[in-house]
Amino acid sequence: MKTLFELNPALDRAALAARFAETGRVQVRDVLTPETAREVLTVLTKGTPWGMATGAGDENRQSFRMEEVQTPQGQQRVNAAAMEAQQNTARGEYGFRFAHYPILTAIQESWDPGSAHEILLEHINAPDFIQLARDITGIDGLIKADGQATLFAPNHYLGRHIDSHVAEGWEVAYVLNFAPPDWHPDWGGYLMFLDDEGDVIEGFRPRFNALNLFKVPQSHLVSYVPPFAPIGRIAVTGWLRTQ
């Protein structure tokens with residue numbers, strides 16, 4: 001019987017914790033065992049009903065299910081929302097566009113009970129993964145995580161923002177990456193951190209089987225994926241919470 005999710009037992013948690021303590025962010029490479037990382041990638045690439053997420057400002061965020069995206073009327077709505085996001089970004093305001101599957105929402109609304117995505121989020125909320133996050137971040141109060149599958153394909157991006165919802169118990173953002181191992185810098189999709197003047201102070205390349213953890217609020221973005229990039233930068237993302 002195949003295992004879907006298993007942490008790499010060789011992780012140097014002390015070294016990762018020291019790195020996180022310095023900057024409030026770290027990339028944990030080879031976070032899962034190679035076999036289970038390939039299993040997660042299979043679930044994400046072959047079994048995910050991708051919809052679309054768009055945003056034009058903090059308040060105007062929309063999520064479209066795959067069934068809606070596949071209809072002419074739904075595609076029109078997606079295109080209109082994407083254009084609004086693009087116009088916001090052109091003005092220097094917050095905007096985003098990427099493919100996604102909101103796993104937590106799917107569980108809450110019983111879209112596909114017992115699916116592999118549901119099991120995957122259960123593993124992310126299991127004691128082993130939560131304890132890994134506690135060990136690295138030093139935040140013992142972390143108790144649970146939400147999550148969505150994300151796919152940054154050509155013309156997708158996530159504009160600069162800080163994730164300021166700390167009142168909701170957000171403490172640490174996570175990005176569990178399953179990008180192709182040969183992901184090239186010219187293809188974009190980097191998780192980039194910025195200082196108060198907008199200069200990039202650190203960036204994480206999309207990698208296969210790598211976990212990004214960073215304290216929120218913190219200014220960051222996912223850089224634009226150009227039209228010539230392949231499909232795509234796949235990940236499971238969300239926030240680790242204290243409530």
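**Notes on the pocket, the charges and the odd bonds**

1. Let's start with the pocket. Strand 13 gives the largest share of the lining of the largest pocket, namely five residues. Keep in mind as you look around that this is a predicted model. The lining has 34 residues in total, and lying nearest the centre of the pocket are Arg 61, Phe 98, Gln 148, Thr 237 and Trp 239. Strand 13 (233-241) has company here: two or more lining residues also come from each of strand 3 (60-64), strand 4 (95-101), helix 5 (103-108), strand 6 (148-152), strand 7, strand 8 and strand 12 (220-222). How much space lies in the largest pocket? About 750 Å³. If you wonder how one looks for such a space, rolling a probe the size of a water molecule over the atoms shows where it is left empty.

2. Next, have a look at Asp 163. You'll find Asp 163 in the loop that runs between strand 7 (157-161) and strand 8 (170-178). Which side chain of opposite charge is nearest to Asp 163? That is Arg 61, 6.1 Å away. Asp 163 has no salt bridge, although Asp 163 is buried. A salt bridge needs the nitrogen and the carboxyl oxygen within 4 Å, so the 6.1 Å to Arg 61 does not qualify. Arg 61 is also one of the residues nearest the centre of the largest pocket.

3. Asp 163 does have polar partners, though. The side chain of Asp 163 has a polar contact of 3.2 Å with the side chain of His 161. Another polar contact, at 3.4 Å, goes to the side chain of His 220. Setting aside neighbours within four places in sequence, the residues in contact with Asp 163 are Trp 170, Ala 173, Phe 214, Val 216, Pro 217, His 220 and Trp 239. Val 216 and Pro 217 from that list come up again in point 7.

4. Now for the charged pairs. Side chains of opposite charge can pair when their charged atoms come close. How many salt bridges does a search of the whole structure find? Nine. In one of them, Arg 19 pairs with Glu 202, with the closest N and O atoms 2.4 Å apart. This pair links distant parts of the chain, as Arg 19 sits in helix 1 (residues 13-23) and Glu 202 in strand 10 (residues 200-204), 183 residues apart. Arg 19 counts as partly exposed because its relative accessibility is 27%, while Glu 202 is buried, at 17%.

5. Lys 215 and Glu 171 form another salt bridge, with 3.0 Å between the closest N and O atoms. Here too distant parts of the chain are linked: Lys 215 belongs to strand 11 (residues 208-215) and Glu 171 to strand 8, 44 residues apart. Are these two buried or exposed? Lys 215 is partly exposed at 30% relative accessibility, and Glu 171 is buried at 19%. There is also a network: Arg 19, Arg 25 and Glu 202 are joined by salt bridges that share partners.

6. Arg 91 and Glu 93 make a salt bridge as well, and their closest N and O atoms are 3.6 Å apart. Arg 91 counts as exposed, with 52% relative accessibility. Glu 93 is at 41%, so Glu 93 counts as partly exposed.

7. Time for some backbone oddities. Most residues other than glycine have a negative phi, and most peptide bonds are trans. The peptide bond from Val 216 to Pro 217 is cis, though, with omega near 5°. Pro 217 lies in the loop between strand 11 and strand 12. Ile 231 and Gly 232 are joined by a cis peptide bond too, with omega about -15°, and Gly 232 is in the loop between strand 12 and strand 13.

8. Then there is phi. Ser 110 has a positive phi, near 55°, and is placed in the loop between helix 5 and helix 6 (116-124). Asn 155 has a positive phi near 75°. Asn 155 is in the loop between strand 6 and strand 7 and counts as partly exposed because its relative accessibility is 32%.

9. Last stop: Ala 229, in the loop between strand 12 and strand 13. Ala 229 is buried because its relative accessible area is 7%. Its C-alpha atom is 5.8 Å from that of Pro 154, although 75 residues separate the two along the chain. Not counting residues up to four places away in sequence, Ala 229 touches Pro 154 and Trp 187.

Conventions
Residues numbered from 1 in each chain as written. Predicted model: local features only at pLDDT ≥ 70, side-chain atom pairs only at ≥ 80, totals over all residues. Heavy atoms only, no water. Helix = DSSP H or I, 4+ residues; strand = E, 2+ residues; numbered from the N terminus. Buried < 20%, exposed > 50% of the residue type's maximum accessible area, 1.4 Å probe, protein only. Lys, Arg positive; Asp, Glu negative; His and termini not counted. Polar contact = N/O pair within 3.5 Å; in protein donor to acceptor, adjacent residues only side chain to side chain. Contact = heavy atoms within 4.5 Å. 1 Å grid on protein atoms, 1.4 Å probe; cavity = no way out; pocket = protein on both sides within 12 Å on 5 of 7 lines; lining within 4 Å. Points joined across faces, edges and corners; volume = space filled by probe spheres on them.
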